[in-house]
Amino acid sequence: MKVSFVPITPLLLLLFFFFTYSLAGNVTYDRRSLIINGQRKLLISASIHYPRSVPAMWPGLVQMAKEGGVDVIETYVFWNGHELSPDNYYFGGRYDLVRFVKIVQQAGMYLILRIGPFVAAEWNFGYIDSYHILLSF
């Protein structure tokens, strides 16, 4: 199966998914900032790349970011680690994306998934990154 991507600016896609998936209540945008439940919100993000550490470290890393004032965890989705060969998928061990997402959710934080197709973070055999999803729990 061939997947085609339509180029969309990352900001528009980010806003689309933020509005679509946000469970934070009333979310709007007035060209100046995001407004969540009537309050202007400046979101501070930090990157935690889940395959670069072991799953036992994830709760501590997420909690440390939260204690440092971070509202949003951002991560690439390392697709070449998830699809080892065509139609051969792997989501275990340090590639357990669902577990990582649940840890961020339990911390009460937002999540930006940089779903690719390229990882520009010193990662061999990545793909072209221009699509992002912001999830709110």
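What percentage of the 137 residues of the protein count as buried? I looked this up at the outset, bearing in mind that I am working from a predicted model, and found that 42% of the residues fall in the buried class.

**Overall layout.** I next went through the secondary structure, which comes to 4 helices and 9 strands, and I noted that their order along the sequence reads α-β-β-β-β-α-β-α-β-β-α-β-β. When I turned to contacts between residues with a separation of 6 or more, I found that 64% of them are accounted for by residues 24 or more positions apart.

**The cores.** I then asked which residues of the largest nonpolar core touch the most other members. This core has 20 residues, and the ones I wrote down in reply are Y50, V62, I73, F100, V104, M109 and L111. Checking where the members come from, I listed α2 (58-67), β5 (72-76), α4 (97-106) and β8 (110-116) as the elements that give two or more residues to this core, and I marked α4 as the one that gives the most, with 5 residues. I also recorded a second, separate core of 5 residues, among them V27, I36, V72 and I112.

**Helix α2.** Since V62 had come up in the largest core, I looked at α2 in more detail and found its buried residues to be W58, V62 and A65. Viewed down the axis of α2, these buried residues fall within an arc of 60°, so I can describe them as lining one face of the helix. What covers the buried residues of α2 includes β5 and α4, and both of these elements were already on my list of contributors to the largest core. On the face of α2 turned away from its buried side, I noted the exposed residues M64 and E67. Just past the helix I checked G69, which follows α2 and has a positive phi, near 100°.

**The surface.** I finished with the outside of the protein, which exposes about 8,400 Å², and I noted that carbon and sulfur atoms supply 60% of this area. Which residues form a nonpolar patch on the surface? I found W79, Y89 and F91, with about 290 Å² of accessible area together. Of these I followed up Y89, which is placed in strand β7 (residues 88-89), and whose relative accessible area of 45% makes this residue partly exposed. I wrote down the reasoning as well: a patch member needs over 30% relative accessible area, and Y89, at 45%, therefore meets that cut-off although it is partly exposed.

Notes:
Residues numbered from 1 in each chain as written. Predicted model: local features only at pLDDT ≥ 70, side-chain atom pairs only at ≥ 80, totals over all residues. Heavy atoms only, no water. Core = buried A, V, L, I, M, F, W, Y, C linked by side-chain atoms within 4.5 Å. Buried < 20%, exposed > 50% of the residue type's maximum accessible area, 1.4 Å probe, protein only. Contact = heavy atoms within 4.5 Å. Areas by Shrake-Rupley, 256 points an atom, 1.4 Å probe, with all protein chains shown as cover. Patch = residues over 30% accessible without salt bridge, like charges linked within 9 Å, V, L, I, M, F, W, Y side chains within 5 Å. Salt bridge = Lys/Arg side-chain N within 4 Å of Asp/Glu carboxyl O. Arc of directions from axis to C-beta.
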